[in-house]
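User: I would like to go through this structure term by term, and to hear for each label what it rests on. Please set each value against its definition before you conclude.

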Amino acid sequence: MKRLQDRVTLVTGSSSGIGAAVAESMAAEGAKVVVNYARSSKGAEAVVEKIKAFGGDAIAVQADVSQEDQVKNMFQKVIDTYGTIDVLVNNAGLQKDANLVDMTLEQWNKVIDVNLTGQFLCAREAAKEFIRRGVTPEKSCAAGVIICMSSVHEVIPWAGHCNYAASKGGVMLFMQSIAQELAAYKIRINSIAPGAIKTPINKEAWETPEAEAELLKLIPYNRVGVPEDIGKAAVWLASDEAEYVHGTTIFVDGGMTLYPGFATGG
Ligand code: NAD
């Protein structure tokens, strides 16, 4: 029996990058995966095809996670298709970078709407279904699992990106608060905080050898992460192997949060 056998798993923003790798890793462990995308279905369909090619089960579903009606429709579609939901990975996120004095309200609101409000809207719908259904012992000892995709910037301040850092700092306390609230229902909730992972969101930070060399100064392990690093962590966190892991953040960052500037004594 695979670690996530038959667990219905929704991964938001999974048509690219980390979300795509999480969707594929979960499917390889037997999960039935819902690949969510915001607008164009092209990337999501490619992820679904890849999963089907190795014998997995997946569908693509459109929803902008910052829109309440679209999120509700997406969950209805998941339940209509698979009967329930077992795992939610709140992965969708974006950046709209600017220095504070240049940041528009639109840039601020967009990042908070997708990165924080989107996690709230999806977690609320998942939690309702987890509470309604309860534990299905043949699938898992949890009534449901939520994984919030945070960032090392839930603890590392980030000049020029205050909207993003505020959204991820918000995700940390949102995750901890709902973990406290829902533990009695056997719903497990945690975050993954990736460091620098090679995806479209941060391409300029690794696409040239010079940029990558600069980036590596921030990573004690001396390797930029790849989406599969996060996929492996997500599979474990969703599985019953992590039964007693609740309300915490797993940093998958090659040591980025170790204050690398102090490696030589500061
Ligand atoms: P990415 O740009 O490839 O993925 C983000 C995904 O979210 C895209 O597929 C995008 O279409 C989707 N998305 C954006 N707005 C959406 C919306 N309104 N509704 C639904 N989907 C939406 O980048 P990524 O690096 O794979 O990012 C995934 C998550 O990981 C994000 O939450 C990001 O903040 C986080 N993260 C990434 C890194 C990194 O180094 N790449 C580091 C820390 C955290």
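Analyst: A polar side-chain atom of Tyr 164 lies 2.6 Å from an oxygen atom of the ligand. This is a predicted model, in which local features need pLDDT of at least 70 and side-chain atom pairs count only at pLDDT 80 or more, while totals for chains, interfaces and linings use all residues. Residues are numbered from 1 along each chain as its sequence is written, and side-chain values use heavy atoms, with hydrogens and water left out.

User: What makes the approach of Tyr 164 to the ligand a polar contact?

Analyst: A polar contact is a pair of N or O atoms within 3.5 Å; within protein, one atom must be able to donate a hydrogen and the other to accept it, and residues adjacent in sequence count only if both atoms are side-chain atoms. The 2.6 Å between a polar side-chain atom of Tyr 164 and a ligand oxygen meets that limit, and therefore the pair qualifies. A polar side-chain atom of Lys 168 lies 3.0 Å from an oxygen atom of the ligand, and a backbone N or O atom of Gly 93 lies 3.5 Å from one.

User: How do you know how much of the ligand the protein covers?

Analyst: The ligand on its own has 800 Å² of accessible area, of which the protein covers 91%; such areas come from the Shrake-Rupley method with a 1.4 Å probe, and for residues only the protein chains shown count as cover. Helix H1 (17–28) and H5 are the elements that give two or more residues to the shell around the ligand, where helices (H or I, at least four residues) and strands (E, at least two) are DSSP runs numbered from the N terminus.

User: Why is Asn 115 called buried or exposed?

Analyst: Buried means under 20% relative accessible area, exposed over 50%, and partly exposed in between, with a 1.4 Å probe and protein chains only. Asn 115 has 0% relative accessibility and therefore counts as buried. This residue lies in helix H4, and its side chain reaches the backbone nitrogen of Leu 94 at 3.0 Å. Leaving aside neighbours within four places in sequence, Asn 115 is in contact (heavy atoms within 4.5 Å) with residues including Tyr 164, Lys 168 and Gly 93.

User: Which label does Gly 19 receive, and which does Ile 156 receive?

Analyst: Gly 19, placed in helix H1, has a relative accessible area of 0% and is therefore buried. Apart from neighbours within four places in sequence, Gly 19 is in contact with Val 11, Gly 13, Ser 14 and Asn 91. Ile 156, in the loop between E5 and helix H5 (162–182), has 25% relative accessibility, so it counts as partly exposed. Not counting residues up to four places away in sequence, Ile 156 touches Met 256 and Thr 257.

User: What makes E6 and E7 a pair of strands?

Analyst: Two strands pair if DSSP finds at least two bridges between them. Strand E6 (residues 187–194) and E7 have four bridges in the parallel sense, and therefore they pair. Ser 191 stands opposite Thr 249 in E7.

User: Why are E3 and E7 called edge strands?

Analyst: The open sheet has seven strands in the order E3-E2-E1-E4-E5-E6-E7, with parallel pairing. Strand E3 (57–62) and strand E7 (249–252) each pair on one side only, and they are the edge strands.
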